[in-house]
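Hi,

Here is the structure I promised to pass on to you. Have a look at it first, and then read on for what turned up.

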Amino acid sequence: VEPAALSDGRAEVATPRPVGAGHPGTTSGPGQRAVEVLATYHGLDCAWRQNEANVTLVINLDGQQTTDARMDVDGRRLRVSLPMETAKRDIDLQLDGDVLPSECRLEVKDGFVIVILRKAHATPWES
């Protein structure tokens, strides 16, 4: 998952680290990658992980609330709109593989937005 052209041009990618237990979206099982890739988009900390079937993006709302988070998947592009208390944040990502849009979902839970993308093909994504 790589940042597409963001309006303010900010996207800082950090070094991969081991997945921490108890983090939203953390699962274990066959095919689960043992790394989580961290990045910051529009001041929001994000992490992604994958297994054979899914890519999961976890966005930390940093204590803010959103009740109207929306997701749009179009080809290999993911857009997440987050109207929040202080400002609206839009995350626009270019995906490394094809997904099945009808089987993708977004959840808001405990201060995080969790986006689960169903891969069209069971191949690892490099970014």
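Arginine 89 is buried, yet it has no salt bridge. The nearest side chain of opposite charge belongs to aspartate 62, and that one is 7.2 Å away; a salt bridge would need a side-chain nitrogen within 4 Å of a carboxyl oxygen, so this pair does not qualify. Please keep in mind that the model is predicted.

What does arginine 89 touch, leaving aside residues up to four places away in sequence? Its contacts are His42, Leu44, Gln64, Val80, Ser81, Leu82 and Met84. Arginine 89 itself sits in strand E9, and that strand, which spans 88-94, supplies at least two residues of the largest nonpolar core.

That core has 24 residues, and those with the most contacts inside it are Leu57, Ile59, Leu78, Leu82, Ile91 and Leu117. Besides E9, strands E4 (35-41), E5 (44-50), E6 (54-60), E8 (77-83) and E11 (112-118) each contribute at least two residues. Leucine 57 is a good place to start browsing: beyond its sequence neighbours up to four places away, it touches Cys46, Ala47, Trp48, Leu78, Leu93, Val113, Ile114 and Val115.

As for the chain overall, there are eleven strands and zero helices. Of its 127 residues, 39% count as buried. Among contacts with a separation of 6 or more, 49% join residues 24 or more positions apart. The chain exposes about 6900 Å², with carbon and sulfur atoms supplying 46% of that area.

Happy exploring, and best wishes!

Definitions and conventions
Residues numbered from 1 in each chain as written. Predicted model: local features only at pLDDT ≥ 70, side-chain atom pairs only at ≥ 80, totals over all residues. Heavy atoms only, no water. Helix = DSSP H or I, 4+ residues; strand = E, 2+ residues; numbered from the N terminus. Buried < 20%, exposed > 50% of the residue type's maximum accessible area, 1.4 Å probe, protein only. Contact = heavy atoms within 4.5 Å. Areas by Shrake-Rupley, 256 points an atom, 1.4 Å probe, with all protein chains shown as cover. Core = buried A, V, L, I, M, F, W, Y, C linked by side-chain atoms within 4.5 Å. Lys, Arg positive; Asp, Glu negative; His and termini not counted.
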